[in-house]
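Morning, everyone. I have one chain to walk through today, so let me put it on the screen.

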Amino acid sequence: MECTPIARKRAAYDLEMSEDLPVFRYHSDPVSTGSVVREDTTCDLCRLERGWRYAGPAYGRKRAPASICPWCVADGSAAEIFDLVFVDTHGSGGVAPGVVDELTKRTPGYTAWQQEEWCFHCSDACDYLGPVGSSELRDLPEEASSAVQGVLADWAQSDEERITLFEMLRRDGDLTAYLFRCLHCGEFRARCDSA
Ligand SMILES: [Zn+2]
Ligand SMILES: [Zn+2]
């Protein structure tokens with residue numbers, strides 16, 4: 001997915017800033033996953049028109065602001081000032097508090113059908129690669145499909161049902177797999193969710 005800088009209005013006070021999107025350790029390409037979208041909008045926090053808007057979930061007691069830029073996600077300011085987390089850490093036991101902090105407060109989340117759950121491996125959070133269906137999985141390494149089959153095996157009563165479920169997976173359909181990869185050993189991990 002291309003990430004070329006786009007033309008945008010310079011801030012009134014002529015702030016010099018990088019046009020490259022911030023780097024997220026646990027969400028390496030949030031444009032391809034759909035959690036960061038190109039949009040000419042002013043960030044509700046930094047008041048800059050960055051050309052990109054965070055489009056993932058935000059959890060908090062108060063209503064989340066309409067527009068947050070990825071830079072205000074990356075530096076933790078949006079989480080702190082609006083009292084939000086972007087990732088629900090259900091099931092994150094065993095990783096260091098610093099990892100949980102970076103994942104929940106400084107990482108773009110992703111939207112699933114019912115419940116977003118991050119994957120963890122090698123005592124760390126994994127890199128989220130995005131939603132996939134069976135056709136995307138065919139173009140990915142065999143290990144990615146194996147990770148998804150492993151999740152579906154827990155849902156299915158039989159091998160036939162598991163294979164049927166696998167074939168039903170769609171990136172934009174009612175049954176979707178969410179792919180992750182361990183930053184340390186490279187193992188693929190997956191979640192599946194249905195409408
Ligand atoms: Zn901002
Ligand atoms: Zn690992």
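Start at the hairpin. Strand 8 and strand 9 form it, with six residues between them. In the turn, Gly186 has a positive phi of about 80°. When I say helix or strand, I mean DSSP runs, numbered from the N terminus: H or I over at least four residues for helices, E over at least two for strands.

Some housekeeping. This is a predicted model, where local features need pLDDT of at least 70 and side-chain atom pairs count only at pLDDT 80 or more, while totals for chains, interfaces and linings use all residues. Residues are numbered from 1 along each chain as its sequence is written, chains are lettered from A and ligands numbered from 1 in the order in which they are written, and side-chain values use heavy atoms, with hydrogens and water left out.

Now the overall count. The chain has seven helices and nine strands. Of its 195 residues, 46% are buried. Buried means under 20% relative accessible area, exposed means over 50%, and partly exposed is in between, with a 1.4 Å probe and protein chains only. Next, contacts, meaning heavy atoms within 4.5 Å. Take those between residues at least 6 apart in sequence: 60% of them join residues at least 24 apart.

Back to the hairpin strands. They belong to an open sheet of three strands, in the order 7-8-9, with antiparallel pairing. Pairing here requires at least two DSSP bridges between two strands. Which strands are at the edges? Strand 7, residues 127-132, and strand 9, residues 188-194, as each pairs on one side only. Neighbouring strands of the sheet are turned by 20° against each other on average, direction ignored. For angles, axes are lines fitted to C-alpha atoms, for helices over the stretch in contact, and values run from 0 to 180 degrees between N-to-C directions.

Look at the pairings. Strand 8, residues 175-181, is joined to strand 9 by seven bridges, running antiparallel. Arg181 stands opposite Phe188 there. Phe180 faces Arg189 in strand 9. On the other side, five bridges join strand 7 to strand 8, again antiparallel. Val132 is opposite Ala177 in that pair. As a reminder, side chains in a regular strand alternate between the two faces of the sheet.

How covered is this sheet? In strand 7, five of the six residues are buried, so that strand is mostly covered. In strand 8, six of the seven are buried, so the rest of the structure largely encloses it.

Next, the helices. Helix 6, residues 142-155, lies across strand 8 and strand 9. Helix 6 runs at about 45° to strand 9. Its partner is helix 7, residues 159-168: the two axes come within 9 Å and cross at roughly 125°. That makes the pair oblique. The cut-offs: under 35 degrees is roughly parallel, over 145 roughly antiparallel, 65 to 115 roughly perpendicular, and the rest oblique. The crossing is right-handed, meaning that the near helix is turned clockwise from the far one by less than a right angle; anticlockwise would be left-handed.

Who touches whom in that crossing? From helix 6, Ser145, Val148, Gln149, Leu152, Ala153 and Trp155. From helix 7, Glu161, Arg162, Leu165 and Phe166. That contact divides into six nonpolar, two polar and two charged residues. Nonpolar covers Ala, Val, Leu, Ile, Met, Phe, Trp, Tyr, Cys and Pro; charged covers Asp, Glu, Lys and Arg; the others, Gly among them, are polar.

Now Pro30, in helix 1, residues 30-33. Buried or exposed? Buried, at 6% relative accessibility. Leaving aside neighbours within four places in sequence, Pro30 is in contact with Phe24, Ser35, Val36 and Pro108. Pro70 is 40 residues away along the chain, and its C-alpha is separated from that of Pro30 by 9.3 Å.

Last, two loop residues. Arg47 has a phi near 65°, a positive value in a residue other than glycine. Arg47 is in the loop between strand 1, 36-38, and strand 2, 52-54. At a relative accessible area of 56%, Arg47 is exposed. Ser123 also has a positive phi, near 60°. Ser123 is in the loop between strand 5, 120-121, and strand 6, 124-125. Ser123 counts as exposed, at 58% relative accessibility.
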